[in-house]
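Q: Here is a structure to go through. Please back each label with its criterion.

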Amino acid sequence: MWSLLQIEMFKISRRPRTYIAFAAISAIVLIFQFAFKADGSSYMNLMLQSVQDSFELDRIKAINGYFMCYIILNTLLVQVPILVALIAGDAISGEANMGTLRLLLTKPVSRTQLLLVKFMASFIFTVALLLWMAVMALFLSMAIFGVDDMLIFRVSGEESQILQIGADDVLWRYFAAFGYAAIALTVIAALALLLSIYAENSIGPIIATVCIVIICTIVSNIGVPIIDKNVKPWLFTSYLVGWKGFFYIGTNADGQPIPGSLENWPAIRKSLFILIAHIVILLGISIAVFRKKDILS
Amino acid sequence: MNVLLEVNHLTKQYRDIKAVEDLSFSVMEGDIYGFLGQNGAGKSTTIRMLLTLISPTAGEIKIFGLPLHENRHEILSQTGSIIERPDLYQYLTAYENLSLFARMSKIKVSRKLLMNQLEMVGLAERSQSKVRTFSQGMKQRLGIAVALVHDPKLIILDEPTNGLDPQGIADMRNLILRLSRQMGKTVIVSSHLLSEIEVIASRMIVIHKGKKIAEGVVQEMLDPANTLVQVETANNMNALKWLQETRWATAVIQGRHLQLSMNREDIPQLIRYLGEKGTDIVAVQPRHSLEAYFLSLTNNDTHVEPFAN
């Protein structure tokens, strides 16, 4: 299995398209960093318009590395599923398209093993992508903008809130958020892998994955009570942005933030459970389908 | 000789279409076994079932005396194959492709082994070139190296000469003969090219519409007494009438020819006879012996009407 995984990672590493995702992330992050470096104060003024009278900002340096990373992740983690689908959607269909699938399957390797290796390779790619995001969006921003307490702007019902997290209480939240995002994006990888089994070219599964994510996201946000109650809790897209929960700091009775606390850990735990259940189910279906599939390509 | 591969009552059905129906045959150790049939006859489906790419609807396959599906790993580790085209990773070099598939075959891989394989197929000098820069013939040779790198006992080649130029076809033919005669490998080779099978195969099976219609030793099947002869005359209808009074009464008109199955040695006698009856003969062409045999088996089941101008 280890040898197969090495082979798979070698193949992925030698394909130019693999690096498109890394280049895209770098470009987006650098644009954000340049824009905020050049004119971040206008953005902050706009965000703080409604709370300027009640919140004293002078005390901290509002645009800092932690804040920048949060802003970038808010934008980027919506687009990353497409980048993950690019690799996972190609995993089986790309081999079928090249004609190498039949050669792989005439080797003394079980189909289950091969599929698991493809899944693991997609997972590793997803983690590598997130690590690259961490380097670019977090560590590079920390180097460029420095470090201070972190401000989170949050809309809760009719009310706008600003949460303040102490500088020494932020880094672990990012590690947890990246870990959560890795699991959320692995659901996308598992979905793309399943669709990849049915196709003989990569475009179909990639587009299908993106369409499913868009449709499910719309359903997740539709706001109709019957769907909110019966459908939304079971859709993976309802939990894709659950990483934000790690930045919602718990407060005491006086409304003061409690360092190291989370506002709603049980909700995050439930989200993780549902995402992992999606991965297990999608992977199980993929194995069942792939084991029985006639290879006609 | 031992039976190396045994297929019993193999059937593959897609909804209401039977791609392969009740097919049984056996391949002996050291054979070059020809798998002959028109396009769509079921050759590739059968070969894919032998390689576990397609599950049979019914029937049993035994290779090296072991049931295939229960012993898949053991059997595939001793089997090499090329199915239709030798599709490899275009963005990797020849050496990288060979190394990758050798490792999947679970053998000890060394640079020396890989270079020896590339040397054998004449690609050692191009070992560091990307496959996308290769000609079809070079890809086919690399495919052979991939199929042989783990020193398999059984080699299965599905239409290995597809897309090759005449030199490539000759090289492939020589390689198959060398594999069998010098290296003692058992080779199953499918083709719709009758001449290909005739030259290299020791035994063969003919399948048509998914069913076996003949199996045996190629030389015995090439009986000169069953040569298909095409005769073109100035008036085929008259010639046919004369022939119906003779032992060549099975003659039929096929397009612009008369076609008859006869002993090749009797051709001069046929020409003399038609000449004596005042029939002007334009051309007499004995068809390739195996082709004649094949056409007689498939009842001239052509897809396109013969062209007559």
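A: Start with Ala192(A) in this predicted model. Setting aside neighbours within four places in sequence, Ala192(A) is in contact with Val84(A), Ala85(A), Ala88(A), Gly89(A), Pro205(A), Ile206(A) and Thr209(A).

Q: What makes these pairs contacts?
A: The cut-off is C-beta atoms within 7 Å, placed from the backbone. Ala192(A) meets it with residues including Val84(A) and Ile206(A).

Q: Which residues touch the most other members of the largest nonpolar core?
A: Val84(A), Ala192(A) and Leu98(B) do, in a core of 145 residues. Another core lies apart from that one. It has 12 residues, among them Leu228(B), Leu258(B), Met262(B) and Leu270(B).

Q: Why is Trp265(A) called exposed?
A: The count for Trp265(A) is 12 other C-beta atoms within 10 Å. Exposed means 12 or fewer. Therefore Trp265(A) is exposed. This residue sits in helix H10 (residues 265–292) of chain A. Its C-alpha atom is 8.2 Å from that of Phe246(A), 19 residues apart along the chain.

Q: How do you know that helix H3 of chain B is mostly covered?
A: Buried requires 20 or more other C-beta atoms within 10 Å. In H3(B), residues 94–104, 10 of 11 residues are buried. Among them are Tyr95(B), Leu98(B), Phe101(B) and Met104(B).

Q: What covers the buried residues of H3(B)?
A: Both chains contribute. The cover includes helix H1 (2–13) and helix H5 (100–104) of chain A. From chain B it includes helix H4 (111–120) and helix H5 (136–148).

Q: Which residue with positive phi follows H3(B)?
A: Lys106(B), with phi near 60°.

Note on methods
Residues numbered from 1 in each chain as written. Chains lettered and ligands numbered in written order. Predicted model: local features only at pLDDT ≥ 70, side-chain atom pairs only at ≥ 80, totals over all residues. Core = buried A, V, L, I, M, F, W, Y, C linked by C-beta atoms within 7 Å. Contact = placed C-beta atoms within 7 Å. Helix = DSSP H or I, 4+ residues; strand = E, 2+ residues; numbered from the N terminus.
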